[in-house]
Amino acid sequence: MRRIFSGIQPTGVPQLGNYLGAIRNWVGLQRDNECIFCLVDMHAITVWQDPKALREQTLAQTAVLLASGIDVQRHILFNQSAVTAHARLAWIFNCVARLGWLNRMTQFKDKAGKDRENHSAGLYVYPDLMAADILTYKATAVPVGDDQRQHLELTNDIAQKFNHDYGLEFFPTVEALIPPQGARVMSLRDGTKKMSKSDPSAQSRIEMTDDADTIALKIRRAKTDPEPLPSEEAGLESRPEARNLVTIYATMQGCSIQDVLNRHGGEGFGPFKKALTDVLVQHIAPIADETTRLLKEPGFLQDTLRDGARRARTIAEPIVSEAESLVGF
Ligand code: ADP
Ligand code: NA
C-alpha cells in the first residue's frame with residue numbers, strides 16, 4: 001500500500017480548483033492507499049494571516065474536507081503546526097537545498113512579483129517546508145494540481161542530495177499524482193490566471209460553500225467570448241475562458257472535453273452556462289449543506305484534528321529523529 005501525503009492551506013474557503021485538482025482525488029485515493037492529509041497553516045503564514053481568521057479557517061477547512069468525504073476513521077487529517085517534526089525537517093532541508101534551486105521556483109516569482117524584497121523569507125523557502133511535509137512521513141505519492149509540479153521536482157532534488165550527503169537511501173522518490181483533467185482550473189474573470197482562494201475577487205472562483213443562487217450568478221457573470229461553443233476540441237484553442245468552462249463541466253461529470261462538445265457544440269454560452277450551473281449545484285450543494293452542519297460542531301472538528309495530529313506524530317517522530325541523527329544532532 002502506498003503512503004500518500006497532501007496538503008491544503010487553511011486560507012479562505014476551498015474553491016473549485018482545490019476540489020477538482022486535489023480534494024476529490026484525495027477522496028478517491030482513500031480506497032487503496034494509506035493517506036495523510038494536512039491543513040498547512042505554517043505555509044499559510046508565509047503571507048500575512050489574521051490570527052483569529054486563521055484559527056477559524058482551519059476549522060472551516062476541516063469541515064469542507066469531512067463534507068467532501070475524507071474518512072478520518074481510516075486516514076489521518078491534522079494541522080501542520082501541531083506536528084513539530086515538519087519544522088525540524090524543514091530546517092535541515094533549508095540547509096540541503098541550494099539557493100539556485102529556490103531561485104528557479106516560478107510560484108515564488110508569481111507570488112512575489114516585482115516587489116521581491118518585501119516578502120517574507122518564509123515565502124521563499126516554502127518549497128523546503130513542502131518537501132519536509134511529504135518526507136516527514138516518507139510518503140511516495142502526492143496528489144496535487146499542476147501548479148505544484150515544480151515543487152515536487154524540488155522535493156526529489158532535496159531527497160537525493162540528503163541521501164547523497166548523508167550516505168544512504170534514506171528518503172524515497174516521490175511521485176506527483178496530477179489528474180489528467182481539472183489539474184488547472186482557471187479564474188472565472190480571467191482565463192489566463194489560475195482560480196485561487198487568495199484572489200481578491202470572490203467573483204473569480206466558485207467556493208465549495210456557495211449556494212445555488214451564488215453559483216448561478218458567478219457562472220452567469222463568468223467571462224466568455226461571443227462565439228458559440230465549437231464542436232471539436234481544437235476549436236477551443238486560444239479561447240481560454242471557453243476552454244475553462246468546458247473543462248470544469250467535463251471534469252465535474254467525469255467525461256471528456258469532446259463528450260461535452262458532442263452534446264453542446266454550436267450552443268451559445270447562455271444555455272451552456274445554465275447546464276454548467278446545474279452540474280455545479282448538483283455536486284456542490286450537498287457538500288455545502290454538510291459543511292454548514294459540521295461548522296455548528298467546532299468541538300468535534302477540534303477533536304478530529306487533535307486525534308489526527310496524535311496519529312501523525314507516531315509516524316513522523318521516528319523518521320525525523322533518525323534524519324536528525326544522520327545529520328549529527
Ligand atoms: P490556493 O491557491 O487556492 O490557495 P492551495 O495552495 O491551498 O490553493 O492548494 C491546495 C491544492 O489545490 C494543491 O494541490 C493545488 O495544486 C490545488 N489547486 C489550487 N488551485 C488550483 C486550481 N486552480 N486548479 C487545480 N488545482 C488547484
Ligand atoms: Na497554491
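Domain bounds here come from an automatic or database domain assignment. In this predicted model, that assignment splits the chain into two parts: domain 1 covers 3–177 + 298–327, and domain 2 covers 202–292. Taken over C-alpha atoms, the centres of domain 1 and domain 2 are separated by 30 Å.

Let's look at where the two domains meet. Here 10 residues of domain 1 are in contact with 10 residues of domain 2. On the domain 1 side, the elements that give two or more residues are α1 and α3 (51–68). Helix α3 gives the most to that side, with 4 residues.

Now for ligand 1, which has 21 residues around it; Gln 9, Gly 17, Gly 21, Ala 22 and Gly 145 come nearest. Helix α1 (residues 16–29) gives the most to this shell, with 5 residues. The table sets out the classes of residue in the two places.

| Place | Nonpolar | Polar | Charged |
|---|---|---|---|
| Shell around ligand 1 | 7 residues | 10 residues | 4 residues |
| Side of domain 1 that touches domain 2 | 8 residues | 2 residues | no residues |

Gln 9 is a good residue to visit next. You will find Gln 9 in the loop between β1 (3–8) and α1. Gln 9 counts as buried because 26 other C-beta atoms lie within 10 Å, and the cut-off for buried is 20 or more. Leaving aside its neighbours within four places in sequence, Gln 9 is in contact with Val 40, His 43 and Ala 44. Gln 61 lies 52 residues apart from Gln 9 along the chain, and 8.5 Å separate their C-alpha atoms.

Methods: Residues are numbered from 1 along each chain as its sequence is written. Chains are lettered from A and ligands numbered from 1 in the order in which they are written. This is a predicted model: local features need pLDDT of at least 70, side-chain atom pairs count only at pLDDT 80 or more; totals for chains, interfaces and linings use all residues. A residue is near a molecule or strand if its C-beta atom, placed from the backbone, lies within 6 Å of it. Ala, Val, Leu, Ile, Met, Phe, Trp, Tyr, Cys and Pro count as nonpolar, Asp, Glu, Lys and Arg as charged, and the others, Gly among them, as polar. Two residues are in contact if their C-beta atoms, placed from the backbone, lie within 7 Å. A residue is buried if 20 or more other C-beta atoms lie within 10 Å of its own, exposed if 12 or fewer, and partly exposed in between; C-beta atoms are placed from the backbone.
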